[in-house]
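Visitor: Hi, I'm new to this one. Could you walk me through it?
Guide: Happy to. Let's put it on the screen.

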Amino acid sequence: MKQHLIVEVFRSSKHDGMYLYVEKSKGLKDIPEELMTRFGKGISAMTMLLTKESKLARAKPEKVIEGIREKGFYLQLPPAKDDYLLDLYKTPTEAVY
């Protein structure tokens, strides 16, 4: 079995940080309709040769390859919002002098 794939990465028109990895030769034609409804219009972000040694920002290359082989795609969701960032916006309850 090949250990590399030529993938096209699409970014979501609806959700920042959501990406869909698919095999370049197949594109988005086999993606389930429900997923595309949630994902929105796929905007091509890049095409790349993906190997197990590839460096990806927020995904493990072997998980991406496995997802594409099994389901025909790999969906990368936006990073979760960190709780400590939300704390910056809380109103202090006690004045400290």
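Visitor: What pLDDT does the chain average?
Guide: This is a predicted model, and the chain averages a pLDDT of 86. A score of at least 70 is reached by 80% of the residues.

Visitor: Where in the chain is confidence lowest, and where is it highest?
Guide: Helix H3, residues 83-87, has the lowest confidence, with a mean of 55. The highest is in S2, at 97.

Visitor: Okay, the big picture next. How many helices and strands does the chain have?
Guide: There are 3 helices and 4 strands. Following the sequence, you meet them in the pattern β-β-α-β-α-β-α.

Visitor: And what order do the strands take in the sheet?
Guide: The sheet is open, has 4 strands and runs in the order S3-S1-S2-S4, with antiparallel pairing. Strand S3 (42-51) and strand S4 (74-76) are at the edges; each has a single partner strand, so one side of each has no neighbour in the sheet. On average, neighbouring strands of this sheet are turned by 25 degrees against each other, ignoring direction.

Visitor: How many bridges join S1 to S3?
Guide: There are 9 bridges between S1 and S3, and the two run antiparallel. One facing pair there is Val9 and Met46, with Met46 sitting in S3.

Visitor: What about S1 and S2, over how many bridges do they pair?
Guide: S1 pairs with strand S2 (residues 19-23) over 5 bridges, in the antiparallel sense. Looking across from S1, Val7 is opposite Glu23 in S2, Glu8 is opposite Val22, and Arg11 is opposite Tyr19.

Visitor: Which residue in S4 is the bridge partner of Tyr19?
Guide: That is Gln76. S2 and S4 are joined by 3 bridges and run antiparallel.

Visitor: Let's go back to the hairpin of S1 and S2. Which residue takes a positive phi there?
Guide: Gly17 does, with a phi near 85 degrees. The hairpin has 6 residues between its strands.

Visitor: Ser13 caught my eye too. Where is its place?
Guide: Ser13 is in the loop between S1 and S2. Its relative accessibility is 40%, so Ser13 counts as partly exposed.

Visitor: Which residues is Ser13 in contact with, leaving aside neighbours within four places in sequence?
Guide: Ser13 is in contact with Phe39, Gly40, Lys41 and Ile43. With Lys41 there is a polar link: a polar atom of the Ser13 side chain lies 2.7 Å from the backbone nitrogen of Lys41. As for Ile43, Ser13 is 30 residues from Ile43 in sequence, yet their C-alpha atoms are 6.7 Å apart in space.

Visitor: Now Glu8, is that buried or exposed?
Guide: Glu8, found in strand S1, counts as buried because its relative accessibility is 11%, and the cut-off for buried is under 20%.

Visitor: What does the side chain of Glu8 make a polar contact with?
Guide: With the side chain of Ser44, at 2.7 Å. Not counting residues up to four places away in sequence, Glu8 touches Leu20, Tyr21, Val22, Lys24, Ser44, Met46 and Thr47.

Visitor: And Leu5, buried or exposed?
Guide: Leu5 has a relative accessibility of 2%, so Leu5 counts as buried. Leu5 is found in strand S1, which covers residues 4-12.

Visitor: Which residues does Leu5 touch, not counting those up to four places away in sequence?
Guide: Leu5 touches Glu23, Met48, Leu49, Leu50, Ile65, Ile68 and Arg69. Take Ile65: Leu5 and Ile65 are 60 residues apart in sequence, while their C-alpha atoms are 7.2 Å apart in space.

Visitor: Back to the whole chain. What percentage of the contacts between residues at least 6 apart join residues at least 24 apart?
Guide: In this chain, 58% of those contacts do.

Visitor: Last thing: what share of the residues is buried?
Guide: Of the 97 residues in the chain, 31% are buried. The accessible surface of the chain is about 7400 Å², and 55% of that belongs to carbon and sulfur atoms.

Terms used:
Residues are numbered from 1 along each chain as its sequence is written. Side-chain values use heavy atoms; hydrogens and water are left out. Buried means under 20% relative accessible area, exposed over 50%, partly exposed in between (1.4 Å probe, protein chains only). Contact means heavy atoms within 4.5 Å. Two strands pair if DSSP finds at least two bridges between them. Axes are lines fitted to C-alpha atoms, for helices over the stretch in contact, and angles run from 0 to 180 degrees between N-to-C directions. Accessible areas come from the Shrake-Rupley method with a 1.4 Å probe; for residues, only the protein chains shown count as cover. A polar contact is a pair of N or O atoms within 3.5 Å; within protein, one must be able to donate a hydrogen and the other to accept it, and residues adjacent in sequence count only if both atoms are side-chain atoms. pLDDT is the predictor's confidence in each residue, from 0 to 100.
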